[in-house]
Amino acid sequence: SPMHASLMKEIGWHVEGKYGSQIFYRSLGPLAIAKIQRPKEIDFDWLKQFRRNHHTLTTFIEPGLTFTDLSTPRGFTVEPYAHSCTSLVDLSPTEQKILDSFSQKTRYNIVHTLKKDELKIKTIHLGKISAAEYSEFLALHTEWSKQKNVIGHPLSLLRAVFKSYTQSGDLHLCYRGSVLIGSLLVLYSDHVATYYAAFASDEGYRLYAPTLLTWTAMQTAKGKGCDIFDFGGIYDPRYPKMYKNWVGFTKFKSGFHPTVVSYPPTTLQLFW
């Protein structure tokens, strides 16, 4: 999408090609590294010329779900660059039917949390987020990173996301009283809502804030006319070592009974 192209430029990548089949590359002096991700189609003659022009050391090719040309040699099969498996929820049924499709535990956590009425969720269009709300979000991310002992999302990436998706994203913030205990960033493109970044405090997890945030995000996306809610990456058994740390949140996402989809294998072309 144009938003993703803008995001990639913000974090230091160059972009060439038309929307839907763009290639992203970084210059290394007279050489380059490149990746083409989830295209609907690939013009291999154009790609060959691109590699020659930019003297690419590595070119990762990660086809989209609708890519059907498997006959053209694409290089060596390697571990993926982008997430290789995701899961999707159909937003076309009524809200009640969507809710009824979830696992019993997920439904219970949503309904029980709503009945207790301890948590309040504020949904903010990214173009209208205040400096205070943005700071709260970043502080929660820092707290979450420490408690999970993970690096999390680089601040430069989060800044680029907020800048590039100003008109195409929502931030859902979950409060208990005046304390922020959970957040979920959702991005929109072509009638698809994508679950992009989610954080919670220990208290937030205990009170099922992530579950309520996800349900709220689905309702909001449906209200905006989205057809699909994309969970943005899950554990892929084809690459168990690479995705071993994704098992926990994949189990969480599975409670919403999404349809799992796997992308074609990633391939790597060396040199030009």
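Q: What makes strand 4 and strand 13 count as paired?
A: In this predicted model, four bridges join strand 4 to strand 13 (residues 266-270). Pairing needs at least two bridges. Four bridges meet that cut-off, so the strands pair. They run antiparallel.

Q: Which residue is the bridge partner of Ile-61 in strand 13?
A: The partner of Ile-61 there is Thr-267.

Q: How do you know that strand 3 pairs with strand 4?
A: Six bridges link strand 3 (residues 31-37) with strand 4. The cut-off is at least two, so this is a pair. Its sense is parallel. Ala-34 stands opposite Thr-59 in strand 4.

Q: What lies between strand 3 and strand 4 along the chain, and what is the hand of the crossover?
A: The chain passes through helix 2 (residues 44-54). This β-α-β crossover is right-handed.

Q: Why is strand 4 called mostly covered?
A: Strand 4 spans residues 56-62. Six of its seven residues are buried, so "mostly covered" fits. Buried means under 20% relative accessible area.

Q: Why are strand 7 and strand 12 said to stand at the edges?
A: Their open sheet has seven strands in the order 7-8-9-10-11-6-12, with mixed pairing. Strand 7 (119-125) and strand 12 (259-262) each have a single partner strand, so one side of each lacks a neighbour in the sheet. From one strand to the next, the twist averages 25 degrees.

Q: What makes strand 6 and strand 11 a pair?
A: Three bridges join strand 6 (residues 85-90) to strand 11 (residues 228-230). At least two are needed, so the strands pair. They run antiparallel. Asp-90 has Ile-228 as its bridge partner in strand 11.

Q: Why is the contact of Glu-118 with Arg-176 called a salt bridge?
A: The closest N and O atoms are 2.6 Å apart. The cut-off is within 4 Å, so the contact qualifies. Glu-118 lies in the loop between helix 4 (104-116) and strand 7, and Arg-176 lies in strand 8 (residues 169-176), so the pair ties together parts 58 residues apart in sequence. Both residues also belong to a network of salt bridges with Lys-116, Glu-203 and Arg-206.

Q: How do you know that Asp-170 and Lys-224 form a salt bridge?
A: Their closest N and O atoms are 3.6 Å apart. That is within 4 Å, so the pair counts. Asp-170 lies in strand 8 and Lys-224 in the loop between helix 8 (209-223) and strand 11, so this pair joins parts 54 residues apart in sequence.

Q: Asp-170: buried or exposed?
A: Asp-170 has a relative accessible area of 2%. Buried means under 20%, so Asp-170 is buried.

Q: Why does Lys-224 count as partly exposed?
A: Its relative accessibility is 46%. Partly exposed lies between 20% and 50%, so Lys-224 belongs there.

Q: Why is Lys-251 called exposed?
A: Lys-251 sits in helix 9 (residues 247-254). Its relative accessible area is 67%. Exposed means over 50%, so Lys-251 qualifies.

Q: What makes Phe-76 exposed?
A: Phe-76 is in strand 5 (residues 76-78). Its relative accessible area is 53%. The cut-off is over 50%, so Phe-76 is exposed.

Q: Which residues form a nonpolar patch on the surface with Phe-76?
A: They are Leu-270, Phe-271 and Trp-272. Together with Phe-76, they have about 440 Å² of accessible area.

Notes. Residues numbered from 1 in each chain as written. Predicted model: local features only at pLDDT ≥ 70, side-chain atom pairs only at ≥ 80, totals over all residues. Heavy atoms only, no water. Patch = residues over 30% accessible without salt bridge, like charges linked within 9 Å, V, L, I, M, F, W, Y side chains within 5 Å. Areas by Shrake-Rupley, 256 points an atom, 1.4 Å probe, with all protein chains shown as cover. Salt bridge = Lys/Arg side-chain N within 4 Å of Asp/Glu carboxyl O. Buried < 20%, exposed > 50% of the residue type's maximum accessible area, 1.4 Å probe, protein only. Right-handed = clockwise from strand over helix to strand, strands pointing away. Axes fitted to C-alpha atoms, helices over the stretch in contact; angles between N-to-C directions.
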